[in-house]
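Visitor: I have a structure to look at and some terms I do not follow. Could you go through them with me?

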Amino acid sequence: MSNDTTRRTVIGGAAAGLAAAAGGTPALAQGDAAPRARGGKQNPRDKYPKPPFHAQSQPWPGLASRMDPRPDHGETSYAGSGRLTGRRALITGGDSGMGRAAAIAYAREGADVAINYLPEEEPDAREVVDLIRQAGRRAVAIPGDIRTEAFCRQLVDRAISGLGGIDILVMNAARQQSIPVLADVTTEEFDRTMKTNIYAPFWIIKAALPHLEPGSAIIGTTSEQAYNPDPDLYAYAQTKAATMNYVKSLAKQLGPKGIRVNGVAPGPIWTPLQVSGGASQGKLVTFGATAPLGRPGQPAELAGIYVRLAEDDGSYTTGNIYGAGGGQGQP
């Protein structure tokens with residue numbers, strides 16, 4: 001809570017490193033990046049690790065590459081079929097979690113992708129850039145602090161410059177901190193959460209709108225917390241309710257322009273949010289245990305939802321929230 005940075009936001013002007021398009025090729029902890037073929041069936045309860053997990057913590061914002069077990073974002077499992085050929089996506093929080101899963105899936109479906117992330121998350125972001133390029137698509141890395149309106153405008157401008165335009169916006173960046181007692185929520189912490197989770201999507205979407213043509217898609221990442229908030233996530237949970245609300249409001253406003261707006265509401269998903277202050281150690285060890293499937297979800301399990309909400313085959317879907325909660329929460 002004394003940290004000076006926010007989740008999936010990046011310190012303004014820190015364009016070094018990945019801004020040069022991450023020239024290095026990282027070794028992927030999950031093996032060869034070539035996707036496995038789809039097919040067959042598997043008991044969803046047994047598909048991924050179950051609790052109890054090892055107690056672990058990282059400084060905010062955390063790295064997926066240092067988690068145990070390491071999350072699956074679809075690095076070796078997602079196989080594309082051209083559903084987003086020729087599209088251009090800007091994803092905030094694209095280094096890990098659902099943002100990374102969406103970036104990998106979008107690239108393998110034929111889209112060029114720009115991602116935004118924190119400088120501290122550069123090792124994870126380098127892997128994403130490499131995976132996008134392995135799919136034969138253009139990757140643009142844009143570090144910067146989305147807590148400021150000036151950078152949000154720059155972010156959109158740089159994405160358009162690097163990709164040649166934008167027609168998919170994924171507003172995924174979020175700050176989450178577990179604070180059990182309201183009296184311990186500082187104004188500074190509350191402000192960081194609001195600026196990252198509510199102000200930034202407003203600024204980014206506003207800057208991008210003049211460039212979005214009919215057929216474009218905007219996708220917000222909300223949460224089960226919007227429907228059933230935990231007592232220790234007072235600040236975070238209300239921002240996710242606000243995300244759900246802006247999705248529905250904007251869908252009505254932008255529908256006449258041919259621009260669709262939808263949201264994704266994850267349940268307990270295994271991401272760096274959890275190990276960098278987003279969950280207490282007690283909750284972390286048993287994370288996902290209360291879900292009917294008996295485990296947390298993995299980001300890869302939501303990748304197809306982000307694709308569906310962006311592709312033309314989903315053209316009548318707008319103003320909707322798609323859930324992936326392992327059997328709990330809404331919708």
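Guide: The questions below concern a helix pair and a sheet in this predicted model.

Visitor: Why are H1 and H8 called oblique to each other?
Guide: Helix H1 (residues 97–108) and helix H8 (residues 303–310) pack at an angle of about 60°. Roughly parallel needs an angle under 35 degrees, and roughly perpendicular needs 65 to 115. The angle of about 60° fits neither, so H1 and H8 are oblique.

Visitor: What else describes how H1 passes H8?
Guide: The crossing is right-handed, and the axes are 8 Å apart.

Visitor: Which residues make the contact of H1 with H8?
Guide: From H1 come Met98, Ala101, Ala102, Ala105 and Tyr106, and from H8 come Ala303, Tyr306, Val307 and Ala310.

Visitor: How do the residues of this contact divide into nonpolar, polar and charged?
Guide: There are 9 nonpolar residues, no polar and no charged ones. Ala, Val, Met and Tyr count as nonpolar.

Visitor: What is the order of the strands in the open sheet?
Guide: The sheet has 7 strands in the order S3-S2-S1-S4-S5-S6-S7, and their pairing is parallel.

Visitor: Why do S3 and S7 stand at the edges?
Guide: Strand S3 (139–141) and strand S7 (321–324) each have a single partner strand, so one side of each has no neighbour in the sheet. On average, neighbouring strands of this sheet are turned by 15° against each other, direction ignored.

Visitor: How do you know that S5 and S6 pair?
Guide: Pairing takes at least two bridges. Strand S5 (residues 217–221) and strand S6 (residues 260–266) are joined by 5 bridges and run parallel, so they count as paired. Gly220, for instance, has Gly263 of S6 as its bridge partner.

Note on methods: Residues are numbered from 1 along each chain as its sequence is written. This is a predicted model: local features need pLDDT of at least 70, side-chain atom pairs count only at pLDDT 80 or more; totals for chains, interfaces and linings use all residues. Side-chain values use heavy atoms; hydrogens and water are left out. Axes are lines fitted to C-alpha atoms, for helices over the stretch in contact, and angles run from 0 to 180 degrees between N-to-C directions. Helices (H or I, at least four residues) and strands (E, at least two) are DSSP runs, numbered from the N terminus. Angles under 35 degrees count as roughly parallel, over 145 as roughly antiparallel, 65 to 115 as roughly perpendicular and the rest as oblique. A crossing is left-handed if the near helix is turned anticlockwise from the far one by less than a right angle, and right-handed if clockwise. Contact means heavy atoms within 4.5 Å.
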